[in-house]
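Please open the model in your viewer, with the sequence panel alongside, and follow the stops below in order.

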Amino acid sequence: MTQLQKRQAIDALDPASAPLQDAATLQQRLTQLLKQWAALPNRQAAEAHERIQSLEDELEQASQKLQEDPLTGALNRRGLDVAFARDMSRAERQHQPLSVALLDLDHFKRINDAYGHDLGDEVLRSLVQLTRRLMRPTDGIARMGGEEFMLLPDADANRAWGVIDRLLEAFCHQRVMHQGSGQRVAATFSAGIAQWCVGEDFAGLYQRADTALLAAKQAGRQRLMHAAPCTKSDKPHA
């Protein structure tokens, strides 16, 4: 490798030397540069190592962004899949309970129609921000799409009920200001809560929570409902 090639290899390690589009691009660059690194002299290799570390950090950040809903900062469906698989594995390994709460904002279309989508977006963001303030860092929140969210309380169904009930009360009292009129707008949500059973897949758990959510809507909204018991032979962790 010539001195020019060595310098080009080191320059290529600089994250600012080329536009980085996504995690796949970062991973491809990192793989190529790690191969080049082995051919560099010690001093230059040490310098290159620092830049490789910077690129690895950037790759980690890009990967996290791929799991994040850009509007609210909650997990997206990809991120939810990762979080649920992790929490399910931990719950099974440690014999600990795991529940989900499926939330849907009540009459959200009316808010969008009356005040515009910008305020509707702010309502969605406010729910995520409030959830993160009131719940533990280990309790995830994901946006399923539209105005539907899923929470992952690290608790059994009864304790999860208490957590979500406090969240509902706080959210009902929260107001988002409409910039045009100065009016403060309130919103509510309904939720279905289901406790995971050992051996149950995500689709089955989601269906039970969704059925409970529908029952909460039909019962008048702004309320919670427990899901039907798991039909698996395995029982939920106590």
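A salt bridge is taken here as a side-chain nitrogen of Lys or Arg within 4 Å of a carboxyl oxygen of Asp or Glu. This is a predicted model, in which local features need pLDDT of at least 70 and side-chain atom pairs count only at pLDDT 80 or more, while totals for chains, interfaces and linings use all residues. Residues are numbered from 1 along each chain as its sequence is written, and side-chain values use heavy atoms, with hydrogens and water left out.

**Salt bridges**

Begin by selecting Lys 217 and Asp 104, whose closest N and O atoms are 2.9 Å apart in a salt bridge. Lys 217 belongs to helix H8 and Asp 104 to strand S1, so this contact ties together parts of the chain that are 113 residues apart in sequence. The element names follow DSSP runs numbered from the N terminus, helices being H or I runs of at least four residues and strands E runs of at least two. Both Lys 217 and Asp 104 are buried, where buried means under 20% relative accessible area, exposed means over 50% and partly exposed lies in between, computed with a 1.4 Å probe on protein chains only.

The structure holds 10 salt bridges, and another to display is the one between Glu 122 and Arg 125, at 3.1 Å from N to O. These two residues lie three positions apart in helix H6 (residues 117–134), which is about one turn of the helix. Glu 122 is partly exposed at 31% relative accessible area, and Arg 125 is likewise partly exposed, at 25%.

Next, select Arg 86, Asp 87 and Arg 90, which are joined into one network by salt bridges that share partners. Within this network, the side chains of Arg 90 and Asp 87 meet at 3.1 Å, N to O, and the two residues are separated by about one helical turn because they are three residues apart in helix H4. Is each partner buried or partly exposed? Arg 90 counts as partly exposed at 23% relative accessibility, whereas Asp 87 is buried at 4%.

**Aromatic pairs**

Staying with helix H4 (residues 77–94), turn to the aromatic rings. Rings of Phe, Tyr and Trp (its six-membered ring) pair if their centres lie within 6.5 Å, and planes under 30 degrees apart count as stacked, over 60 as edge-to-face and the rest as tilted. The structure holds three such pairs. In one of them, the rings of Phe 84 and Phe 202 have centres 5.1 Å apart and planes at 70°, so the pair is edge-to-face. This pair links distant parts of the chain, with Phe 84 in helix H4 (residues 77–94) and Phe 202 in helix H8 (residues 202–218), 118 residues apart. Phe 84 is buried at 5% relative accessibility, and Phe 202 is buried at 14%. Add Tyr 206 to the selection to see the cluster that ring pairs form from Phe 84, Phe 202 and Tyr 206.

Now select Phe 171 and Phe 189, a tilted pair with 5.8 Å from centre to centre and 40° between the planes. Phe 171 lies in helix H7 (residues 157–173) and Phe 189 in strand S6 (residues 189–195), so the contact ties together parts 18 residues apart in sequence. Relative accessible area is 2% for Phe 171, which is buried, and 0% for Phe 189, which is also buried.

**The disulfide**

For the next stop, show the sulfur atoms of Cys 197 and Cys 230, which are joined in a disulfide with S to S at 2.5 Å. The criterion for a disulfide is a pair of cysteine sulfur atoms within 2.5 Å, and the structure holds one. Cys 197 sits in the loop between S6 and H8 and Cys 230 in the segment after strand S7 (224–226), so the bond ties together parts that are 33 residues apart in sequence. Both cysteines, Cys 197 and Cys 230, are buried.

**Strand S3 and its partners**

Finally, select strand S3 (residues 148–152), in which five of the five residues are buried, so the strand is largely enclosed by the rest of the structure. Glu 148, Met 150 and Leu 152 on one side, and Phe 149 and Leu 151 on the other, are all buried, and both faces of S3 are thus covered.

Two strands pair if DSSP finds at least two bridges between them. Strand S1 (residues 99–105) pairs with S3 in the antiparallel sense over four bridges, with Leu 151 as the bridge partner of Ala 101. Strand S2 (residues 140–145) pairs with S3, also antiparallel, over five bridges, and here Glu 148 is the bridge partner of Gly 145. End the tour at the hairpin of S2 and S3, which has two residues between the strands and in which Gly 146 takes a positive phi near 60°.
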